[in-house]
Amino acid sequence: MPEVISGTVTKASGDVTKRLPIAETRNELLQLIRAHDTTILVGETGSGKSTQLPQFLLQAGMARGGCIAVTQPRRVAAISVARRVAQEMGVKLGSEVGYNVRFDDTSCPDTRIRYLTDGMLVREALVDPDLKRYKVIILDEAHERTLSTDILFAIVKHLQVRRQKDLKVIVMSATLDAAKFADFFRAGKIVHIVGRQHPVQVLYLPEPVDSYLDAVLKAVLQIHAQQPAGDILAFLTGQEEIDTLQRLIPERAGQMSGLDGPEKLVIVPIFAALPPEQQARVFEDAPAGSRKVILATNIAETSITVPGVRYVVDPGFVKARSYSSRTGADSLQVVPISKAQARQRSGRAGREGPGVAFRLYKEETFQSLPAATVPEIQRVSLTSLMLQLKQLNVQQPQNFDFMDKPSTSAMLRALELLLALGALDSEGTLTSLGRQMVRLPIEPVFAKVLLSGAELGCSQEALTIVAAASTDPIFFTPRNKQDSAAQAWKPFFSSTGDHITKLNVFKSFLEVRKPDRRRWCAERMLNFRSLKKAVDIRAQLAQHLKQLKVPMVSCGSDTAPIQRALLSGLFINAAILLPDNTYRLQASSQTVSIHPSSVLHGRKPRCIVFDELLRTTRRYARNVTAVEPSWLPEAAPMYFHGKTGNV
DNA sequence: TCTCTCATT
């Protein structure tokens, strides 16, 4: 076991008494990093590990002949940290310090400290597997265990073998997964840097509650009645719960005696799908004499830091996605959080001063929670990952050196799909089609739709559809406005289904003058942010197609080529109508229903293909297009051989 | 016969 070092980078034999900023540990820290290939750094909130450490390394000459990469799981983090460091160093952003995220690259050949998203560094590795330009690679927020961070773990570990003594790796983590990281990297040291976080008192309930929603309601009102000034942050699992409490809290507050009435509580919702102008409300101070209650999804755990919060209310649940390799379905379910997540939530009460976290469960329940959230690599479809590993010359992904191995069945399912898509040959080697697919920054099934679209004479349309499918939903339905929304969307409707309906929206969107687009979307209950992103993705994909010398062609008003292109990528999600109006998947014989958000909901086409199988209250097909049953065998002959029967 | 945690290339 490596030594655990704490505080001032001296040996910790128990308690840490000194609380020093990272600057005072500078020389000891540099010495340790020089002495080891890989260093694990545990830095608390406010320790300056992301901003100051790269500067120390640069000043110490450790980037000589190259540069320092610092990865972040989120683009906003990469951008804001780069800004701060450029300011601290007194240089212009994009000179010595820059960032590189999708659609936005401020770095230049002189850049010595590059902040990137972890996904961006994975993309770079696909082009230059040795990542030659970097002398130091720092993987920040490694405890979040995003899919890309996990890929990078394996990439940099192997890189150190190939680039003997020429690459330093520093893995930075906020929690106590450090021993696991040290074990995987056979790292010499774990360094612990103390941060500047205020103390947070953690309180538990003596007895479990029947309804956590009701418990949140009571907790908020009780804090408001009994605790000194300070805003309240409550974690809920989704939009519906937020809507419910946004309505109930003022109602109940109004009924309570001893309170000054509902005007003293300001309720502010925050979740990712909320339009940006409404999201901005969490950053505004509540009016004098009132208290702000923020009702948040887990967006407020890491992505958004709300100022002024002194009280956290944590019911202990989260809506989490998981993927079944057996059925190929994603499911979205409310599950208990992990201990690490509970600590992260509580920490949100101590950003500006001492705080209190109210955990709405028993202390024993906390002890029984899993230590950490299951890493993303074990919760998602691995099609893209397997394709990327093949590009990185990993012949047997099943035996790859993962920190946490995905299940063999999930890997095999992904490899089988790549075979059926034609990205791999029967030997498991990348085909020329597979090499084209890996260049495109989209899911492999959509890469196939795009490349088939070109052959079928509809690459223009396929580009738009694939770009739109790679963003958040374009149709935004506010509660109780379903009827007027349906009315507003009528002009775009296509009886073929959601893909071509969105294509129609996109075409109309582009015809609107740029300054008018936001308003145009608001009037039609369309998500401006998603459409704008689709425009960016489309442009980026068009660049890639140009480099791949794929022709740009349009099929005009004929939709059949588009439907066939969709089927050529999405054939594992082809389903036939049954007498009870559900659908049977051809690949697995499961039954599914068309999701209520689909324009085909209630319309009963004979045969459908769709993007995604999602299990919530039942199994739903999302983003659906109608196809001719007779097209199935030719779309994927190998796949449907013997399976289609009398279709 | 009624729904959408959060990120990313």
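This is a working chat about a predicted model of a protein with a DNA strand.

User: Before we start, what kind of model is this, and which pLDDT do local features need?

Analyst: This is a predicted model, in which local features need pLDDT of at least 70 and side-chain atom pairs count only at pLDDT 80 or more, while totals for chains, interfaces and linings use all residues. Residues are numbered from 1 along each chain as its sequence is written, chains are lettered from A and ligands numbered from 1 in the order in which they are written, and side-chain values use heavy atoms, with hydrogens and water left out.

User: OK, DNA strand B then. How many residues surround it, and which are the closest?

Analyst: DNA strand B is surrounded by 32 residues, and the closest are Arg-75, Thr-117, Ala-272, Lys-319 and Thr-616. A residue is near a strand here if one of its heavy atoms lies within 4 Å of it.

User: Which part of the DNA strand B do the protein's neighbours belong to, sugar or phosphate, or bases?

Analyst: Of the atoms of DNA strand B within 4 Å of the protein, 67% belong to sugar or phosphate, and the rest belong to bases. On the phosphate side, a polar side-chain atom of Thr-616 lies 2.7 Å from a phosphate oxygen of DNA strand B. Polar backbone atoms take part as well: that of Arg-75 is 2.8 Å from a phosphate oxygen of the strand, and that of Arg-102 is 3.1 Å from one. A polar contact is a pair of N or O atoms within 3.5 Å; within protein, one must be able to donate a hydrogen and the other to accept it, and residues adjacent in sequence count only if both atoms are side-chain atoms.

User: And which helix gives the most to that surface near DNA strand B?

Analyst: Helix H4 gives the most, with 3 residues. Helix H4 (118-127) and strand S16 (317-323) each supply at least two residues of that surface. Helices (H or I, at least four residues) and strands (E, at least two) are DSSP runs, numbered from the N terminus.

User: How do the residues of that surface divide into nonpolar, polar and charged?

Analyst: They divide into 10 nonpolar, 13 polar and 9 charged. In this scheme Ala, Val, Leu, Ile, Met, Phe, Trp, Tyr, Cys and Pro count as nonpolar, Asp, Glu, Lys and Arg as charged, and the others, Gly among them, as polar.

User: Switching topic: how many aromatic pairs are there?

Analyst: The structure holds 12 aromatic pairs. One of them is Tyr-204 with Phe-366, a tilted pair with 6.1 Å centre to centre and 50° between the planes. That pair links distant parts of the chain, since Tyr-204 is in strand S11 (residues 200-204) and Phe-366 is in helix H12 (residues 363-368), 162 residues apart. Rings of Phe, Tyr and Trp (its six-membered ring) pair if their centres lie within 6.5 Å, and planes under 30 degrees apart count as stacked, over 60 as edge-to-face and the rest as tilted.

User: Is Phe-366 buried or exposed?

Analyst: Phe-366 is buried, with a relative accessible area of 6%, whereas Tyr-204 is partly exposed, at 23%. Buried means under 20% relative accessible area, exposed over 50%, and partly exposed in between (1.4 Å probe, protein chains only).

User: What lies over the face of Phe-184?

Analyst: Lys-157 does, at 4.1 Å from the ring centre. A charge sits over a ring if NZ of Lys or CZ of Arg is within 6 Å of the ring centre and within 35 degrees of the ring normal. Lys-157 lies in helix H5 and is buried, with a relative accessible area of 12%. A polar atom of the Lys-157 side chain also lies 2.9 Å from the backbone oxygen of Phe-184. Phe-184 forms one aromatic cluster with Phe-153, Phe-181 and Phe-185.

User: Last thing, how many disulfides does the count come to?

Analyst: The count comes to 0 disulfides, where a disulfide is a pair of cysteine sulfur atoms within 2.5 Å. The sulfur of Cys-555 is 4.8 Å from the closest cysteine sulfur, in Cys-458, which is too far for a bond. Cys-555 is buried, with a relative accessible area of 15%.
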